[in-house]
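Hi,

Here is the structure I promised to send over. Have a look first, and my notes follow underneath.

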Amino acid sequence: MSSYKTLPTPGDTAWFTHDRFGMFIHFGLYAMPARHEWVKNYEEIPEDHYDLYFKHFNPDLYDPKEWARQAKAAGMKYVVMTTKHHEGFCLFDSKYTDYKSTNTLCGKDLIREYVDAFRAEGLHIGFYYSLIDWHHPEFPIDPLHPRRDDPDAYEQSKGRDIKKYAQYMRDQVTELLTNYGKIDILWFDFSYDDMTGEKWKATDLIKMVRHYQPDVIIDNRLDGAGEHPLIYSGDFASPEQIIPPKGVCDVNGEPIPWELCATMNNHWGYCNFDHQYKTPEMLVRKLVECVSKGGNMILNVGPDAKGNIPRESVEILREVGKWMSKNKESIYGCGISNFEKPDWGRYTQKDNVIYAHVYETPL
């Protein structure tokens, strides 16, 4: 029998460490300028200019049922979608803001349709929610804010109250946890500098989350990667675009649940000039590597402004799905092997069964 195990967490990670493979979906107003999800920050776009995207947002080809079919065919077992990214725009019908999809030409609660579509295909449902909000009037104008170089911004920021923003955040998360049925993953993003932990009123936030959804699993980005676990340290680690050499362990060296979040090209949100896509073969090998180290992989798609997943991404999903249809037994329910990594590939293991992933002919 395999000696592999992970430490228990407050949330229910049993299905998570079994399913191993998921889909990330980054979608928002940033799909319209088509220069990735940080475009407002990188180009320091003023609010009145960025508001043009809000006025014209209308993804008339948005078809989460098709997305769900593609995810399931690729062998993915769970999904996480952006409900609100750093730009502050909400894809759900929140009563705490007018900056939402139901107030655009689209006129829909896009999260409602997403949840219904993916749940119908039997996938676990996850919500991404940005801790950052460059639109909210109480969010501080700090060095990461699009208005950081605005000469009037510092004076205006003096009157802003992060506590009021933290309450707004708790109110919206409550909506997400009470209006859409059982939620399996809550993905917060992200802490930085002094914007971490209790700056977000993280203890109150987590207590509220556990009250409404006791089994939901939460990532670790409320915590500023502190050494010792806190109530808001989360149920799993979330390394981005990098696979840890030995997986992820706690301070005592015991393995914990973790998940690589990775893009297919070099951006999360839709970027019309980024065609540097990873090959299906590479992505399959990275999935295998994650599993062989006791981890998951969640692979991102960034739909365009019309609501289409890019052609390249669709083709990658199809090819990965072909491999998964034949080899999923070596992924689902598998983890670290009792044997060291061989020179020619990797092992994954489920109970006393070892799966040899042979990448090249042994010498």
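To start with a spot worth finding on screen: in which loop is F190 found? Look between β4 (185–189) and α8 (202–212), because that is where the loop holding F190 runs by the DSSP assignment. The peptide bond between D189 and F190 is cis, with omega at about -10°. Most peptide bonds are trans, which is what made me stop there. Do keep in mind that this is a predicted model.

Now the overall picture. The protein chain carries 10 helices and 9 strands. A compact globule of 363 residues would have a radius of gyration near 21 Å, and the 20 Å of this chain agrees with that. The C-alpha trace spans about 65 × 45 × 35 Å along its principal axes. As for burial, 56% of the 363 residues count as buried. If you take the contacts with a separation of 6 or more, 70% of them come from residues 24 or more positions apart.

On the surface side, the accessible area of the chain comes to about 16,000 Å², and carbon and sulfur atoms account for 50% of it. There are 42 positive and 55 negative charges, and their mean positions lie 4 Å apart.

Next, a couple of backbone oddities. Most residues other than glycine have a negative phi. R20 goes the other way, with phi near 70°; R20 sits in the loop between α1 (14–19) and β1 (21–25). Is R20 buried or exposed? Its relative accessibility is 1%, so R20 counts as buried, the cut-off being under 20%.

E44 also has a positive phi, near 50°. You will see E44 in the loop between α2 (39–42) and α3 (47–56). Here the relative accessibility is 31%, so E44 counts as partly exposed.

Finally, go to the hairpin of β8 and β9. Strand β8 (residues 345–350) pairs with strand β9 (residues 353–358) in the antiparallel sense, over 6 bridges. One pair to click on is Y347 and its bridge partner in β9, A356. The hairpin has 2 residues between its strands, and D351 takes a positive phi there, near 55°.

That is what I have for now. Shout if anything looks odd on your side.

Cheers

How values were computed. Residues are numbered from 1 along each chain as its sequence is written. This is a predicted model: local features need pLDDT of at least 70, side-chain atom pairs count only at pLDDT 80 or more; totals for chains, interfaces and linings use all residues. Side-chain values use heavy atoms; hydrogens and water are left out. Helices (H or I, at least four residues) and strands (E, at least two) are DSSP runs, numbered from the N terminus. The radius of gyration is taken over C-alpha atoms; the globule rule is 2.2 Å times the number of residues to the power 0.38. Buried means under 20% relative accessible area, exposed over 50%, partly exposed in between (1.4 Å probe, protein chains only). Contact means heavy atoms within 4.5 Å. Accessible areas come from the Shrake-Rupley method with a 1.4 Å probe; for residues, only the protein chains shown count as cover. Lys and Arg count as positive and Asp and Glu as negative; His and the chain ends are not counted. The place of a charge is taken as NZ of Lys, CZ of Arg, CG of Asp or CD of Glu. Two strands pair if DSSP finds at least two bridges between them.
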